[in-house]
Amino acid sequence: MDKGAVISVRGLCKSFGKTKVLNNINFDVYKGETIAIIGPSGVGKSTMLRCLINLEKADAGSILIDGKHLVKDGRYEKEKTCRKICSKMGMVFQSFHLFPHLTVLDNLIYAPKYVNKEDEASAKERADEILRKVGLADRKDTMPSQLSGGQQQRIAIARALMMNPEILLFDEPTSSLDPLLKNEVLSVMRQLAEEKMTMLVVTHEMGFAKEVADRVLFVSEEGIIADDLPEKIFNLPSNPIIKEFICSIKAV
Amino acid sequence: MNLSYLVSIFGQLSDGLKFTVGLFFITIIFSVPLGLILSFVRVGSPKIIQRILGGYIWLMRGTPLILQLYFFYYGLSLVTTIQLGRFNAAIVAFILNYAAYFCEIFRGGLLGVSKGQYEAAKVLGFSTLQTNVRIVIPQMLRITLPSVANEFITLVKDTSLITVLAIDEILNLAKKIVNSDVNISAYAVVAVYYLIATFLLTKLFEYLEKKFAF
């Protein structure tokens, strides 16, 4: 395992019933990197991400988060320890998963207030600041259902940022948005990348992967078949699977 | 039949309100929390406990409430040493019966809260208890509000079933007045009581649905 990495994954395996989804996955993530995880649908990109934050349990392998084992050779730490380790990470989902019964402001301050026991006034102050950052300062009293998808996703990012994560995981954050709404979310993510937030982004946004990512992981049924700079993957794909995937996108 | 006669019946029936209204509120106060607890047990406990709970719900929903009233007043003392008073027997039967229905309503509501809500709460670090109290239950209650309103309104009318235990709630009083006066107007007056109660409940739930809309 690479001790300098903020995330280090070795030999990760995961099956759902008899279907093997992840088979011997290995990769490292370094502080401040933005990593795009691309590849065809159904090869386990999301599952891989979900294993990192303990939403799925790996069957075998090891995951090291910020120097601590979440799972070591298939054996998990105690639930409480796992929780602590995962608290360094935030996650943004494809369908946002905002809390529909809470206003935007409450969506943001609930976790700081109830999980971290932060003082409400200070949480509100930070919420204002973060809402400004995602361009939604005027929406704090709105219910999520009254927001567009792009706005909801930006709120979801803001909610994750409220917990001061060291790493942010994005699971197809723009896949359920139209092109216009995609851009407002991608620009927030781009801004985070510039601020050197460590990010892992499962995405089908090739433009984002190419321009913003420091590194691209290409996942296919065989696992991670390429782990390289974006320009290498997009311009000179040597592997036929990657070539086919890239060409099919360029054809659009 | 004149107005003053109707008004006098209205007054006489109010003597029965303590049983009708009392049974209503006692049933709500105990069966709603009990149903809530049971709904969580029903979705998240070992198979054996779920089976037992399933059996209880089957029994409560599968037999008439009247029969349950008979059981708790007449039957219980035959199989145990417990002899409940009429009204206490009614209370026990109603609470257990309504808790079974509320359990199923809340279970339905819990299934209506998406998996994503639990995942979002988990990645934010909420404990299981916090997730349930802060995130899941508020949404579940909102989802189930129309069904809960239905149960409340049904309960208003079901309180009349305790007539079979010869408790002087409003319908039983009305029946007595009809028999002694040989005049059925008391039935119309008692209907007004139920209509007022269900009207108030309907308005209350309309307000709650609006207030907690999301």
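Two residues are in contact if their C-beta atoms, placed from the backbone, lie within 7 Å. In chain B, 75% of the contacts with a separation of 6 or more are between residues 24 or more positions apart.

The structure is a predicted model, in which local features need pLDDT of at least 70, side-chain atom pairs count only at pLDDT 80 or more, and totals for chains, interfaces and linings use all residues. Residues are numbered from 1 along each chain as its sequence is written, while chains are lettered from A and ligands numbered from 1 in the order in which they are written.

Chain B contains 9 helices and 0 strands; helices (H or I, at least four residues) and strands (E, at least two) are DSSP runs, numbered from the N terminus. Along the sequence the pattern is α-α-α-α-α-α-α-α-α. The C-alpha atoms of chain B fill a box of roughly 70 × 45 × 20 Å along the principal axes.

Chain B has 214 residues, of which 34% are buried. A residue is buried if 20 or more other C-beta atoms lie within 10 Å of its own, exposed if 12 or fewer, and partly exposed in between.

Two residues other than glycine have a positive phi, as listed here.

| Residue | Phi | Loop between |
|---|---|---|
| Lys117(A) | near 55 degrees | helix H3 (104–114) and helix H4 (120–133) of chain A |
| Val182(B) | near 50 degrees | helix H8 (170–181) and helix H9 (185–211) of chain B |

Lys117(A) counts as exposed because it has 7 C-beta neighbours inside 10 Å. Val182(B) also has 7 C-beta neighbours inside 10 Å and therefore counts as exposed.
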